[in-house]
Amino acid sequence: MAVTIKTEQEIELMRIAGHKLEIVHNEMRDFIRPGVSTAQVNEVGEKAIRKLGGMPNFLNYNGFPAAICVSVNEEVVHGIPSRNRILHEGDIVSLDAGLIWKGYHSDAARTWGVGEISPEAKKLIEVTRQSFYEGIKFALAGHHLHEISRTIGAYAESFGYGVVEDLVGHGIGTHLHEEPQIPNFRVKGRGLLMEPGMTFAIEPMINMGTKHVDWSSDGWTVTTSDKKMSAHYENTILITEGEPELLTCTKEDY
């Protein structure tokens with residue numbers, strides 16, 4: 001699949017999809033507290049998606065059994081919600097969600113603390129978030145894609161963190177995963193020359209320890225190999241004639 005340039009009409013549909021997804025994330029954020037199960041978080045997210053007229057794009061995607069990926073502590077991504085997985089004070093939880101609006105996808109992830117969390121966990125969450133914003137300083141028409149990748153990785157690694165290399169960001173539009181793949185680490189070559197109208201899901205996955213990850217026996221959940229915490233931050237963005245536009249995050253939340 002070639003990298004697609006979206007029309008103004010397509011961009012507007014993706015803006016709406018992104019705005020709706022931000023509302024969903026805010027509802028899940030407000031629900032997070034000690035004592036709730038990851039299944040309950042999923043239910044809140046799916047209910048919000050459907051209430052807004054969207055369709056959950058993760059549900060049954062390649063067989064994934066839920067609308068929201070809920071990943072706790074050492075779980076990097078793709079955590080399967082469960083009534084038996086209860087959130088506790090001091091945990092961190094990464095919520096990866098997406099929805100479809102009139103045929104167009106949005107995709108975003110956030111990591112939150114559950115109750116009071118350690119200073120080390122707070123720092124991991126903040127650095128992961130900031131690595132995204134450092135990277136998108138180069139999400140500009142006329143620049144090359146791997147400038148984003150290199151900058152994300154260098155920022156996170158400057159804190160001694162491990163940058164996951166087994167999973168990457170991606171293009172997005174009428175499909176959840178489109179070309180190109182977008183690493184969060186330095187790679188050979190300059191990568192795609194970016195043009196206005198391109199839409200990407202950029203998603204640093206940063207580990208407190210090693211960059212290496214394992215796949216759980218459920219076939220989905222990815223965990224850090226050393227069982228240290230991991231954080232995830234993602235937005236769907238639009239390349240414009242000027243600064244990138246964040247489709248899943250309003251200006252006040254930048």
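A polar contact here is a pair of N or O atoms within 3.5 Å, where one atom must be able to donate a hydrogen and the other to accept it. With that in hand, Glu75 is a handy place to start in this predicted model. The Glu75 side chain makes such a contact with the side chain of Arg85, at 2.6 Å. The Glu75 side chain also reaches back to the main chain, coming to 2.9 Å from the backbone nitrogen of Val72.

Glu75 itself sits in strand S3, which covers residues 75–77. Its relative accessible area is just 11%, so Glu75 counts as buried, the cut-off being under 20%. As for its surroundings, once neighbours within four places in sequence are set aside, Glu75 is in contact with Val70, Arg85, Thr221, Val222, Thr223 and Ser230.

Next comes helix H2. This helix takes in residues 38–51, 14 residues in total, and spans 20 Å from its first C-alpha to its last, close to the 20 Å expected at 1.5 Å a residue. Its buried residues are Thr38, Ala39, Val41, Asn42, Val44, Gly45, Glu46, Ala48 and Ile49. What do these buried residues of H2 pack against? Their partners are helix H1 (8–31) along with three strands, S1 (55–56), S2 (69–72) and S4 (92–101). After H2 comes Gly53, with a positive phi near 85°.

Then there are the pockets. Rolling a probe the size of a water molecule over the atoms shows where empty space is left. The largest pocket has a volume of about 420 Å³. Of the 23 residues that line this pocket, Tyr61, His78, His170, His177 and Glu203 lie nearest its centre. Strands S7 (169–171) and S8 (178–182) each supply at least two lining residues, and S8 gives the largest share, with four. By class, the lining of the largest pocket splits into eleven nonpolar, six polar and six charged residues.

The second largest pocket comes in at about 270 Å³. Its lining is made up of 16 residues, and those nearest the centre are Arg110, Thr111, Trp112, Arg129 and Tyr233. Helix H1, which also packs against the buried residues of H2, turns up again here: H1, strand S5 (104–113) and helix H3 (119–135) are the elements that give two or more residues to this lining. The class make-up of the second largest pocket's lining is four nonpolar, five polar and seven charged residues.

Key
Residues are numbered from 1 along each chain as its sequence is written. This is a predicted model: local features need pLDDT of at least 70, side-chain atom pairs count only at pLDDT 80 or more; totals for chains, interfaces and linings use all residues. Side-chain values use heavy atoms; hydrogens and water are left out. The expected span of a helix is 1.5 Å times one less than its number of residues. Buried means under 20% relative accessible area, exposed over 50%, partly exposed in between (1.4 Å probe, protein chains only). Contact means heavy atoms within 4.5 Å. On a 1 Å grid over the protein atoms alone, a cavity is a set of points where a 1.4 Å probe fits but cannot get out, and a pocket is an open set with protein on both sides within 12 Å along at least five of seven lines; lining residues have an atom within 4 Å of a point. Grid points are joined across faces, edges and corners, and a volume is the space filled by probe spheres set on the points. Ala, Val, Leu, Ile, Met, Phe, Trp, Tyr, Cys and Pro count as nonpolar, Asp, Glu, Lys and Arg as charged, and the others, Gly among them, as polar.
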